[in-house]
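User: Please take a close look at one part of this protein for me: its aromatic side chains. Tell me what surrounds them, and place them in the fold as a whole.

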Amino acid sequence: MRRVLRTLKWLLAGAVLLVLAYQLWVFGHLLWWTQFNPSQTRFMSLRLDEMRERKPDAQLRHQWVPYERISVHLKRAVIAAEDDAFVDHEGFDWEGIQKAMEKNRKKGRAVAGGSTISQQLAKNLFLSPSRSYVRKAQEAAITFMMEAVMDKRRILEIYLNVVEWGDGVFGAEAAAQRYYRIPAAKLGPEQAARLAVMLPNPRKYEKTFGPRLAAHAARIAGRMHYSQVP
């Protein structure tokens, strides 16, 4: 029995060390990305693997552009659509989470998530689309670390450059070119609003942008001038 307990103790210690090593690895990447741009995210890697199962020579559409070359309309629209309190919270919008939980309770299913832009970026950079309590806990840990080392401007800049906007389409520049054949800097308010409302399910809305989504885009366009941009 003592031998079994000793073995369990060492296994537990090893597991703790592995978890700590992973957190340090994540933290090191976040520190690096305060000054240098990520070349590829976990989400990009997963989508590319999926695409190459269908077409071995498939490539992602992605081009990094600096914050100044992204339309302010897109910045405002994305904040209005995804995270109204972005500049005020420290990574977690507790009021938004509470509202999402109440909405899900009334619907009897998960229809709202309450994730902030910071949480979404944490997931996109390091994790997978799968849902589990372990993944959510890791997402929260990454979000906490990210908010500790990056300002809001940098978080939004990375988010807008790596978020998925269609099948193999990542970032504002690729999205603007894909849907409007213009650079991200030239996006107008209505174009920006339409792109912003695609974010919850971009590969679906790339194919089907129906009246309900168009109405949502119109609502975002009508109120996005209130959004605070870092």
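Analyst: What follows goes from the overall fold to the sheet, then to the core and the aromatic rings. Keep in mind that this is a predicted model.

Start with the chain. Its secondary structure comes to 11 helices and 3 strands. In sequence order the pattern reads α-α-β-α-α-α-α-α-β-β-α-α-α-α. The C-alpha trace spans about 70 × 45 × 35 Å along its principal axes. The radius of gyration is 19 Å, which agrees with the value near 17 Å for a compact globule of 230 residues. Of those 230 residues, 41% count as buried. Contacts reach along the sequence as well. Take those between residues at least 6 apart: 70% of them join residues at least 24 apart.

Now the sheet. The 3 strands form an open sheet, ordered β1-β3-β2, with mixed pairing. β1 (61-62) and β2 (164-166) stand at the edges. Each has a single partner strand, so one side of each has no neighbour in the sheet. β2 pairs with β3 (residues 169-170) in the antiparallel sense, over 2 bridges. Within that pairing, Gly166 has Val169 of β3 as its bridge partner.

The sheet leads to the first aromatic residue, Trp165. Its position falls within β2 (164-166). The largest nonpolar core has 56 residues, and Trp165 is among those that touch the most other members. Leu30, Leu74, Val78, Ile142 and Met146 share that standing. In soluble globular proteins, nonpolar side chains tend to be buried together.

What does Trp165 touch, leaving out residues up to four places away in sequence? Leu74 and Val78 are on the list, along with Leu160. Next come Gly171, Ala172, Ala175 and Tyr179. Leu195, Ala196, Met198, Leu199 and Pro202 complete the set. Two of these names, Leu74 and Val78, also appear among the core residues that touch the most other members.

Next, ring against ring. The structure holds 5 aromatic pairs. Trp32 and Phe36 make a stacked pair, 4.1 Å centre to centre, with 20 degrees between the planes. Phe36 has 43% relative accessibility, so it counts as partly exposed. Phe92 and Trp94 are stacked too, with centres 5.4 Å apart and 20 degrees between the planes. The two partners differ in exposure. Phe92 is buried, at 16% relative accessible area, because the cut-off for buried is under 20%. Trp94 is exposed, at 62%, because the cut-off for exposed is over 50%. Elsewhere, Tyr22, Trp25, Trp33 and Phe126 form one aromatic cluster.

Asp93 sits between Phe92 and Trp94 in the numbering. It lies in the loop between α3 (72-82) and α4 (94-107). Beyond its neighbours within four places in sequence, Asp93 is in contact with Ala85 and Thr116. Leu20 is 73 residues from Asp93 in sequence and 26 Å from it in space, C-alpha to C-alpha.

Last, charges over rings. The charged end of Lys152 sits over the ring of Phe86, 4.7 Å from the ring centre. Arg194 places its charged end over the ring of Phe209, at 3.8 Å from the centre.

To pull this together: Trp165 belongs to the largest nonpolar core. Trp94, by contrast, is exposed, yet its ring stacks with that of Phe92.

Conventions. Residues numbered from 1 in each chain as written. Predicted model: local features only at pLDDT ≥ 70, side-chain atom pairs only at ≥ 80, totals over all residues. Heavy atoms only, no water. Pairing = 2+ DSSP bridges. Helix = DSSP H or I, 4+ residues; strand = E, 2+ residues; numbered from the N terminus. Core = buried A, V, L, I, M, F, W, Y, C linked by side-chain atoms within 4.5 Å. Buried < 20%, exposed > 50% of the residue type's maximum accessible area, 1.4 Å probe, protein only. Contact = heavy atoms within 4.5 Å. Phe/Tyr/Trp six-rings, centres within 6.5 Å; stacked < 30°, edge-to-face > 60°. Lys NZ or Arg CZ within 6 Å of the ring centre and 35° of its normal. Rg over C-alpha atoms; globule rule 2.2 N^0.38 Å.
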